Amino acid sequence: MGNRIQMEKNGIKISKMVGIYIFSVICLLGITVIAVFFAISMWMSSGSYAEPREVEKSVEKWIADSIVSNELDPSSFPQDAGCIITDEGGNEVFASFAGDEKKLRKYAEEHPTGESRILKGQDIYIRFEIGTEAAYVHYSLEVKNEYMILALILVLFVLEVMVPTVILIRRMKRAIHKVEERAEELKAHDLSGESISTGVRELDEISAAMDDLKKSLSESLESKWRDEVKIRSEMAQIAHDLKTPLTIIRGNADLLMENTDNEEDIESLGIIIESAEKITRSILEILEKK
(Lines give C-alpha, C1' and ligand atoms only; values in the text may rest on other atoms or scores of the structure.)
Protein backbone atom coordinates (compact mmCIF):
# COMPACT_ATOMS: atom_id res chain seq x y z
CA MET A 1 0.00 0.00 0.00
CA GLY A 2 2.87 2.34 0.87
CA ASN A 3 4.57 1.64 -2.45
CA ARG A 4 1.32 2.36 -4.25
CA ILE A 5 0.90 5.74 -2.54
CA GLN A 6 4.54 6.61 -3.19
CA MET A 7 4.20 5.60 -6.85
CA GLU A 8 1.13 7.79 -7.28
CA LYS A 9 2.88 10.74 -5.62
CA ASN A 10 5.94 10.37 -7.81
CA GLY A 11 3.90 10.49 -11.02
CA ILE A 12 3.33 13.78 -12.81
CA LYS A 13 -0.21 14.95 -13.55
CA ILE A 14 -1.30 15.22 -17.17
CA SER A 15 -2.33 18.85 -16.60
CA LYS A 16 1.19 19.58 -15.34
CA MET A 17 2.71 17.80 -18.34
CA VAL A 18 0.61 19.92 -20.68
CA GLY A 19 1.60 23.04 -18.75
CA ILE A 20 5.30 22.16 -19.06
CA TYR A 21 4.79 21.48 -22.76
CA ILE A 22 3.13 24.87 -23.34
CA PHE A 23 5.78 26.65 -21.24
CA SER A 24 8.58 24.92 -23.18
CA VAL A 25 7.07 25.86 -26.54
CA ILE A 26 6.60 29.49 -25.46
CA CYS A 27 10.18 29.67 -24.15
CA LEU A 28 11.61 28.14 -27.34
CA LEU A 29 9.58 30.48 -29.52
CA GLY A 30 10.61 33.46 -27.40
CA ILE A 31 14.29 32.52 -27.59
CA THR A 32 14.00 32.07 -31.36
CA VAL A 33 12.29 35.44 -31.81
CA ILE A 34 15.04 37.16 -29.80
CA ALA A 35 17.79 35.28 -31.68
CA VAL A 36 16.22 36.05 -35.07
CA PHE A 37 15.75 39.72 -34.15
CA PHE A 38 19.37 39.95 -33.00
CA ALA A 39 20.66 38.16 -36.13
CA ILE A 40 18.61 40.39 -38.45
CA SER A 41 19.80 43.49 -36.59
CA MET A 42 23.41 42.41 -36.95
CA TRP A 43 22.88 41.61 -40.63
CA MET A 44 21.17 44.92 -41.33
CA SER A 45 23.97 46.81 -39.61
CA SER A 46 26.65 44.93 -41.58
CA GLY A 47 28.08 46.03 -44.91
CA SER A 48 26.45 43.09 -46.72
CA TYR A 49 22.94 44.51 -46.26
CA ALA A 50 21.51 47.22 -48.46
CA GLU A 51 18.24 48.86 -47.52
CA PRO A 52 16.04 48.79 -50.68
CA ARG A 53 14.73 52.31 -50.13
CA GLU A 54 18.27 53.63 -49.67
CA VAL A 55 19.30 51.95 -52.93
CA GLU A 56 16.33 53.58 -54.63
CA LYS A 57 17.31 57.00 -53.26
CA SER A 58 20.92 56.55 -54.39
CA VAL A 59 19.90 55.55 -57.90
CA GLU A 60 17.37 58.35 -58.24
CA LYS A 61 19.96 60.84 -56.98
CA TRP A 62 22.50 59.56 -59.54
CA ILE A 63 19.94 59.94 -62.31
CA ALA A 64 19.03 63.46 -61.12
CA ASP A 65 22.72 64.46 -60.85
CA SER A 66 23.36 63.07 -64.32
CA ILE A 67 20.51 65.11 -65.80
CA VAL A 68 21.65 68.25 -64.02
CA SER A 69 25.29 67.83 -65.05
CA ASN A 70 24.27 66.54 -68.49
CA GLU A 71 26.85 63.77 -68.09
CA LEU A 72 26.77 60.10 -67.16
CA ASP A 73 29.37 59.44 -64.48
CA PRO A 74 29.84 55.63 -64.07
CA SER A 75 32.21 56.08 -61.14
CA SER A 76 29.47 57.50 -58.93
CA PHE A 77 26.86 54.89 -59.80
CA PRO A 78 25.58 53.00 -56.68
CA GLN A 79 27.14 49.55 -56.23
CA ASP A 80 23.85 47.95 -55.13
CA ALA A 81 22.14 48.57 -58.49
CA GLY A 82 22.79 47.54 -62.09
CA CYS A 83 23.61 49.81 -65.00
CA ILE A 84 24.51 49.58 -68.69
CA ILE A 85 25.69 52.69 -70.57
CA THR A 86 25.81 52.69 -74.38
CA ASP A 87 27.14 55.24 -76.85
CA GLU A 88 25.44 56.69 -79.90
CA GLY A 89 26.10 53.54 -81.93
CA GLY A 90 24.62 51.30 -79.23
CA ASN A 91 28.02 50.04 -78.10
CA GLU A 92 28.39 49.21 -74.44
CA VAL A 93 30.81 51.57 -72.72
CA PHE A 94 30.03 50.66 -69.09
CA ALA A 95 28.34 47.79 -67.29
CA SER A 96 27.80 47.04 -63.61
CA PHE A 97 25.53 44.34 -62.30
CA ALA A 98 24.34 43.99 -58.71
CA GLY A 99 21.32 41.89 -59.59
CA ASP A 100 20.17 39.74 -62.48
CA GLU A 101 22.37 40.60 -65.49
CA LYS A 102 20.17 38.70 -67.96
CA LYS A 103 17.04 40.66 -67.01
CA LEU A 104 18.82 44.00 -67.41
CA ARG A 105 20.32 43.04 -70.80
CA LYS A 106 16.92 41.81 -71.97
CA TYR A 107 15.36 45.11 -70.95
CA ALA A 108 18.06 46.99 -72.87
CA GLU A 109 17.42 44.88 -75.99
CA GLU A 110 13.66 45.44 -75.78
CA HIS A 111 13.99 49.23 -75.26
CA PRO A 112 16.69 50.50 -77.63
CA THR A 113 15.26 54.05 -77.81
CA GLY A 114 13.27 56.55 -75.80
CA GLU A 115 12.85 57.03 -72.08
CA SER A 116 10.99 54.47 -70.01
CA ARG A 117 10.38 53.41 -66.44
CA ILE A 118 8.98 49.92 -65.84
CA LEU A 119 7.99 48.21 -62.60
CA LYS A 120 8.00 44.39 -62.66
CA GLY A 121 7.09 43.01 -59.29
CA GLN A 122 9.71 44.58 -57.01
CA ASP A 123 12.17 45.21 -59.86
CA ILE A 124 12.44 48.69 -61.39
CA TYR A 125 13.93 49.28 -64.87
CA ILE A 126 14.77 52.79 -66.14
CA ARG A 127 16.09 54.04 -69.49
CA PHE A 128 17.13 57.65 -70.06
CA GLU A 129 19.48 59.50 -72.36
CA ILE A 130 22.12 62.14 -71.72
CA GLY A 131 23.45 63.56 -74.94
CA THR A 132 24.48 60.71 -77.22
CA GLU A 133 24.66 58.14 -74.42
CA ALA A 134 21.88 56.00 -73.01
CA ALA A 135 21.71 54.47 -69.54
CA TYR A 136 19.79 51.34 -68.59
CA VAL A 137 19.32 51.10 -64.84
CA HIS A 138 17.93 48.31 -62.69
CA TYR A 139 17.41 48.07 -58.96
CA SER A 140 15.14 46.02 -56.71
CA LEU A 141 12.97 46.91 -53.76
CA GLU A 142 13.23 43.32 -52.54
CA VAL A 143 15.44 42.39 -49.62
CA LYS A 144 17.97 39.81 -50.74
CA ASN A 145 17.17 36.26 -49.67
CA GLU A 146 14.11 37.47 -47.73
CA TYR A 147 12.03 34.44 -48.77
CA MET A 148 14.78 32.04 -47.77
CA ILE A 149 15.13 33.81 -44.41
CA LEU A 150 11.37 33.71 -43.85
CA ALA A 151 11.31 30.03 -44.78
CA LEU A 152 14.12 29.27 -42.31
CA ILE A 153 12.33 31.19 -39.55
CA LEU A 154 9.09 29.33 -40.31
CA VAL A 155 10.92 25.98 -40.23
CA LEU A 156 12.45 26.89 -36.85
CA PHE A 157 9.03 27.80 -35.45
CA VAL A 158 7.49 24.58 -36.76
CA LEU A 159 10.32 22.47 -35.31
CA GLU A 160 10.06 24.19 -31.94
CA VAL A 161 6.38 23.26 -31.79
CA MET A 162 6.76 19.78 -33.26
CA VAL A 163 9.72 18.55 -31.17
CA PRO A 164 8.06 19.10 -27.74
CA THR A 165 4.80 17.75 -29.19
CA VAL A 166 6.48 14.55 -30.40
CA ILE A 167 8.23 14.13 -27.02
CA LEU A 168 4.92 14.58 -25.16
CA ILE A 169 3.05 12.16 -27.46
CA ARG A 170 5.78 9.49 -27.23
CA ARG A 171 5.84 9.68 -23.43
CA MET A 172 2.07 9.40 -23.22
CA LYS A 173 2.04 6.48 -25.70
CA ARG A 174 4.69 4.60 -23.69
CA ALA A 175 2.72 5.14 -20.46
CA ILE A 176 -0.59 4.08 -22.03
CA HIS A 177 1.07 1.03 -23.61
CA LYS A 178 2.24 -0.13 -20.17
CA VAL A 179 -1.29 0.13 -18.80
CA GLU A 180 -2.69 -1.72 -21.84
CA GLU A 181 -0.21 -4.56 -21.35
CA ARG A 182 -1.18 -4.83 -17.66
CA ALA A 183 -4.87 -4.88 -18.62
CA GLU A 184 -4.23 -7.65 -21.17
CA GLU A 185 -2.48 -9.71 -18.47
CA LEU A 186 -5.52 -9.41 -16.21
CA LYS A 187 -7.80 -10.22 -19.12
CA ALA A 188 -5.80 -13.42 -19.64
CA HIS A 189 -6.16 -14.23 -15.89
CA ASP A 190 -2.43 -13.72 -15.37
CA LEU A 191 -2.13 -12.53 -11.77
CA SER A 192 1.65 -12.92 -11.54
CA GLY A 193 2.60 -9.53 -13.02
CA GLU A 194 4.36 -6.90 -10.92
CA SER A 195 3.06 -3.39 -10.26
CA ILE A 196 3.99 -0.87 -12.96
CA SER A 197 4.88 2.80 -12.80
CA THR A 198 4.20 4.94 -15.89
CA GLY A 199 5.35 8.27 -14.48
CA VAL A 200 1.91 9.76 -15.19
CA ARG A 201 -0.16 10.12 -12.04
CA GLU A 202 -3.57 9.47 -13.61
CA LEU A 203 -2.31 6.34 -15.36
CA ASP A 204 -0.53 5.22 -12.19
CA GLU A 205 -3.86 5.53 -10.37
CA ILE A 206 -5.44 3.29 -13.01
CA SER A 207 -2.55 0.84 -12.61
CA ALA A 208 -3.01 0.89 -8.84
CA ALA A 209 -6.73 0.19 -9.26
CA MET A 210 -5.86 -2.80 -11.46
CA ASP A 211 -3.46 -4.01 -8.76
CA ASP A 212 -6.30 -3.81 -6.24
CA LEU A 213 -8.49 -5.74 -8.68
CA LYS A 214 -5.73 -8.32 -9.11
CA LYS A 215 -5.44 -8.68 -5.32
CA SER A 216 -9.20 -9.08 -4.94
CA LEU A 217 -9.31 -11.68 -7.73
CA SER A 218 -6.40 -13.55 -6.19
CA GLU A 219 -8.02 -13.59 -2.74
CA SER A 220 -11.35 -14.64 -4.27
CA LEU A 221 -9.75 -17.51 -6.19
CA GLU A 222 -7.82 -18.64 -3.13
CA SER A 223 -10.99 -18.56 -1.03
CA LYS A 224 -12.89 -20.49 -3.68
CA TRP A 225 -10.08 -23.05 -3.90
CA ARG A 226 -10.06 -23.50 -0.10
CA ASP A 227 -13.85 -23.95 -0.07
CA GLU A 228 -13.64 -26.57 -2.83
CA VAL A 229 -10.90 -28.43 -0.99
CA LYS A 230 -12.96 -28.37 2.20
CA ILE A 231 -16.10 -29.60 0.40
CA ARG A 232 -14.19 -32.42 -1.31
CA SER A 233 -12.65 -33.44 1.98
CA GLU A 234 -16.03 -33.49 3.69
CA MET A 235 -17.63 -35.43 0.84
CA ALA A 236 -14.79 -37.92 0.91
CA GLN A 237 -15.21 -38.37 4.66
CA ILE A 238 -18.96 -38.89 4.28
CA ALA A 239 -18.37 -41.39 1.47
CA HIS A 240 -15.81 -43.22 3.62
CA ASP A 241 -18.20 -43.26 6.57
CA LEU A 242 -20.97 -44.72 4.39
CA LYS A 243 -18.79 -47.33 2.74
CA THR A 244 -18.20 -49.39 5.90
CA PRO A 245 -21.85 -49.89 6.95
CA LEU A 246 -22.84 -50.56 3.33
CA THR A 247 -20.25 -53.29 3.16
CA ILE A 248 -21.69 -54.81 6.35
CA ILE A 249 -25.23 -54.56 4.96
CA ARG A 250 -24.18 -56.24 1.74
CA GLY A 251 -22.35 -58.98 3.60
CA ASN A 252 -25.27 -59.73 5.91
CA ALA A 253 -27.73 -59.70 3.00
CA ASP A 254 -25.58 -62.22 1.11
CA LEU A 255 -25.41 -64.42 4.20
CA LEU A 256 -29.17 -64.30 4.72
CA MET A 257 -29.81 -65.12 1.07
CA GLU A 258 -27.65 -68.24 1.35
CA ASN A 259 -29.59 -69.45 4.40
CA THR A 260 -33.17 -68.95 3.23
CA ASP A 261 -35.45 -70.63 0.70
CA ASN A 262 -38.29 -68.16 1.00
CA GLU A 263 -38.89 -66.54 -2.36
CA GLU A 264 -40.13 -63.28 -0.89
CA ASP A 265 -37.11 -63.03 1.39
CA ILE A 266 -34.75 -63.75 -1.51
CA GLU A 267 -36.42 -61.06 -3.60
CA SER A 268 -36.21 -58.50 -0.78
CA LEU A 269 -32.59 -59.40 -0.07
CA GLY A 270 -31.78 -59.03 -3.78
CA ILE A 271 -33.21 -55.52 -3.74
CA ILE A 272 -31.14 -54.69 -0.66
CA ILE A 273 -27.95 -56.01 -2.30
CA GLU A 274 -28.63 -54.16 -5.57
CA SER A 275 -29.30 -50.89 -3.72
CA ALA A 276 -26.17 -51.35 -1.63
CA GLU A 277 -24.14 -51.89 -4.81
CA LYS A 278 -25.54 -48.70 -6.37
CA ILE A 279 -24.67 -46.68 -3.29
CA THR A 280 -21.21 -48.27 -3.18
CA ARG A 281 -20.56 -47.36 -6.83
CA SER A 282 -21.63 -43.77 -6.13
CA ILE A 283 -19.31 -43.64 -3.15
CA LEU A 284 -16.41 -44.99 -5.26
CA GLU A 285 -17.05 -42.28 -7.86
CA ILE A 286 -16.92 -39.63 -5.12
CA LEU A 287 -13.66 -41.08 -3.80
CA GLU A 288 -12.14 -41.10 -7.27
CA LYS A 289 -12.94 -37.38 -7.71
CA LYS A 290 -11.25 -36.54 -4.43
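**Helix 6 and two surface patches**

In helix 6, the buried residues are Leu203, Asp204, Ser207, Ala208, Met210, Asp211, Lys214, Ala236, Ala239, Leu246 and Ala253. The model is a predicted one. Helix 6 covers residues 201-258. Its 58 residues should span 86 Å at 1.5 Å a residue, and the end C-alpha atoms lie 84 Å apart, in agreement with that expectation.

The protein as a whole contains seven helices and five strands. In sequence order these elements follow the pattern α-α-α-β-β-α-β-β-β-α-α-α. The chain has 290 residues, of which 24% count as buried.

Helix 6 is followed by a loop that leads to helix 7 (263-288), and Asp261 is placed in this loop. Asp261 has a relative accessibility of 76% and therefore counts as exposed, the cut-off for exposure being over 50%. On the surface, Asp261 belongs to a patch of negative charge together with Glu263, Glu264, Asp265 and Glu267.

A second surface patch is nonpolar and consists of Ile14, Val18, Ile22 and Ile26. Together these four side chains account for about 310 Å² of accessible area. Ile26 is located in helix 2, which comprises residues 14-45. With a relative accessibility of 54%, Ile26 counts as exposed, because the value is over 50%. An α-helix has 3.6 residues a turn, so residues three or four places apart point the same way.

Methods. Residues are numbered from 1 along each chain as its sequence is written. This is a predicted model: local features need pLDDT of at least 70, side-chain atom pairs count only at pLDDT 80 or more; totals for chains, interfaces and linings use all residues. Side-chain values use heavy atoms; hydrogens and water are left out. Patches are made of residues with over 30% relative accessible area and no salt bridge: like charges are joined within 9 Å, nonpolar side chains (Val, Leu, Ile, Met, Phe, Trp, Tyr) within 5 Å. Accessible areas come from the Shrake-Rupley method with a 1.4 Å probe; for residues, only the protein chains shown count as cover. Lys and Arg count as positive and Asp and Glu as negative; His and the chain ends are not counted. The place of a charge is taken as NZ of Lys, CZ of Arg, CG of Asp or CD of Glu. Helices (H or I, at least four residues) and strands (E, at least two) are DSSP runs, numbered from the N terminus. Buried means under 20% relative accessible area, exposed over 50%, partly exposed in between (1.4 Å probe, protein chains only). The expected span of a helix is 1.5 Å times one less than its number of residues.
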